[in-house]
Amino acid sequence: MDYSGMQHGESLNACVIKYGLQNQPSVLTALSSMYSKLGNVSSAKFLFDQIPNKNILSWNSMISGYVDNALQKAGLAVFCQMQFAGVNLDAISVISILLACSKLETVLLGKSAHAFSLRKGLISNLDIVNVLLMFYSDCCKPSYSFNIFHRISTGSYAIKSGYVSDVTLMNALITMSRDCGSLNDGRLLFDVMHVRSLVSWNALITGYRYQNLQNEMQLSGVSLSPSEITYSSVLSACSHADSVEQSQMVFKSMLERGISPKMNTAFMVELLARTGYLTGAFNFVMKLPFKPSISLLESLLGDCRIHDSVVTW
């Protein structure tokens with residue numbers, strides 16, 4: 001509980017009473033919301049109960065107040081009272097309910113909230129989509145998450161609904177399509193994005209790595225600077241495809257950009273040794289700008305043993 005904020009809140013509450021505003025629904029709703037955000041849910045509920053003719057803002061404030069303070073069951077109880085009062089839900093109501101259901105793994109009620117959002121056309125709300133994906137993931141219902149993803153994973157729908165402007169959501173969808181084996185959908189989403197972050201590139205590169213399609217990736221001309229993770233994904237792809245020459249070019253590029261090679265030396269050594277370039281692998285290790293790890297040397301020796309080769313230290 002924020003005690004310092006609570007003192008200011010109590011002062012504000014006193015002013016409300018002083019000026020006779022304690023019966024105003026909007027004022028009571030604001031005070032109730034304030035107490036919820038300060039962690040004093042009991043005071044928030046007391047004020048909520050004093051509100052005459054509660055509107056959707058009042059109900060949403062109390063429901064989200066409980067949910068935000070990890071009192072999901074209490075939040076759902078207020079939601080039930082809201083329904084008995086005949087108040088219609090809006091997008092904020094649905095989000096709070098889904099957040100509560102996600103923590104409690106209350107699948108049936110969460111699916112009902114999902115159905116309501118579909119009937120009322122709220123599914124185009126980006127926040128609802130994000131919470132729905134999280135809800136079904138938390139409730140171990142990946143097939144439902146994939147169905148939601150599949151619905152919004154076409155370029156035309158993404159553009160129409162405005163999803164392409166939400167980089168975080170688009171990155172999540174690209175990652176989901178990759179993990180579900182629908183890399184073509186991921187690439188389509190990637191292509192229609194207005195702005196791509198480094199996470200966008202890494203997600204797609206990793207997908208191509210697993211499908212041995214690393215040649216699809218064209219990093220040249222990209223304004224973003226590849227990170228160590230980016231290079232790891234590309235080098236892993238080269239290793240899977242036995243692309244020695246390309247991997248050497250990528251590794252050289254990494255060094256030129258001043259990125260530490262420690263994380264990626266194993267890819268190079270493994271690739272060179274597996275493709276028969278044992279001497280090259282040995283020379284590569286000897287020229288490293290840092291002391292090679294024991295595990296790296298053991299790996300190289302293991303490769304020599306497999307190929308019946310001897311190296312001179």
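## Contacts and overall make-up

Of the contacts in this protein between residues at least 6 apart in sequence, 57% join residues at least 24 apart. The model is a predicted one. Its secondary structure consists of 18 helices and zero strands. The protein has 313 residues, and buried residues account for 46% of them.

## Helix H5

Helix H5 comprises the 13 residues 72–84. At 1.5 Å a residue the helix should span 18 Å, and its end C-alpha atoms are 19 Å apart, which agrees with that expectation. Its buried residues are Gln 72, Gly 75, Leu 76, Val 78, Phe 79 and Met 82. Viewed down the axis of H5, these buried residues fall within an arc of 155°, so they line one face of the helix. An α-helix has 3.6 residues a turn, so residues three or four places apart point the same way.

The buried residues of H5 pack against four helices: H3 (41–50), H4 (56–68), H6 (91–104) and H7 (107–119). On the face turned away from this buried side, H5 carries the exposed residues Lys 73 and Phe 84. Just after H5, Gly 86 adopts a positive phi of about 75°.

## Aromatic pairs

The count of aromatic pairs comes to two. In one of them, the ring centres of Phe 48 and Trp 59 are 5.2 Å apart; the planes lie at 75°, over the 60 degrees required, so the pair is edge-to-face. Phe 48 belongs to helix H3 and Trp 59 to helix H4, so the pair ties together parts that are 11 residues apart in sequence. Both Phe 48 and Trp 59 are buried.

In the other pair, the rings of Phe 135 and Tyr 136 have their centres 4.8 Å apart and their planes at 55°, so this pair is tilted. Phe 135 and Tyr 136 are both buried.

## Charged groups in and around helix H3

Phe 48 also takes part in an arrangement with a charged side chain: the charged end of Lys 54 sits over the Phe 48 ring, 5.0 Å from the ring centre.

Side chains of opposite charge can pair when their charged atoms come close. A search of the whole structure finds one salt bridge. This salt bridge joins Asp 49 to Lys 45, with the closest N and O atoms 2.8 Å apart. Both residues lie in helix H3, where they are four residues apart, about one turn of the helix. Asp 49 has a relative accessibility of 42% and therefore counts as partly exposed, the range for that class being from 20% to 50%.

## Buried positions in helices H6, H11 and H13

Ser 102 is placed in helix H6, one of the helices against which the buried residues of H5 pack. With a relative accessible area of 4%, Ser 102 is buried. Leaving aside neighbours within four places in sequence, Ser 102 is in contact with Met 134, Phe 135 and Asp 138. Among these partners, Phe 135 is the residue whose ring pairs with that of Tyr 136.

Met 170 is found in helix H11, residues 167–179. At 0% relative accessibility, Met 170 counts as buried. The C-alpha atom of Met 170 is separated by 7.6 Å from that of Met 193, a residue 23 places away along the chain.

Ala 203 lies in helix H13, which covers residues 198–210. Its relative accessible area is 5%, under the 20% limit, so Ala 203 is buried. Not counting residues up to four places away in sequence, Ala 203 touches Ile 174, Thr 175 and Arg 178. The C-alpha atoms of Ala 203 and Thr 230 are separated by 9.0 Å, the two residues being 27 apart along the chain.

## Helix H17

Helix H17 covers residues 278–286, and its residues Leu 278, Ala 281, Phe 282, Phe 284 and Val 285 are buried. These buried residues cover an arc of only 160° around the axis, which puts them on the same side of H17. In H5, the corresponding arc of buried residues is 155°.

Methods. Residues are numbered from 1 along each chain as its sequence is written. This is a predicted model: local features need pLDDT of at least 70, side-chain atom pairs count only at pLDDT 80 or more; totals for chains, interfaces and linings use all residues. Side-chain values use heavy atoms; hydrogens and water are left out. Helices (H or I, at least four residues) and strands (E, at least two) are DSSP runs, numbered from the N terminus. The expected span of a helix is 1.5 Å times one less than its number of residues. Buried means under 20% relative accessible area, exposed over 50%, partly exposed in between (1.4 Å probe, protein chains only). The arc is that of the directions from the helix axis to the C-beta atoms. Contact means heavy atoms within 4.5 Å. Rings of Phe, Tyr and Trp (its six-membered ring) pair if their centres lie within 6.5 Å; planes under 30 degrees apart count as stacked, over 60 as edge-to-face and the rest as tilted. A charge sits over a ring if NZ of Lys or CZ of Arg is within 6 Å of the ring centre and within 35 degrees of the ring normal. A salt bridge is a side-chain nitrogen of Lys or Arg within 4 Å of a carboxyl oxygen of Asp or Glu.
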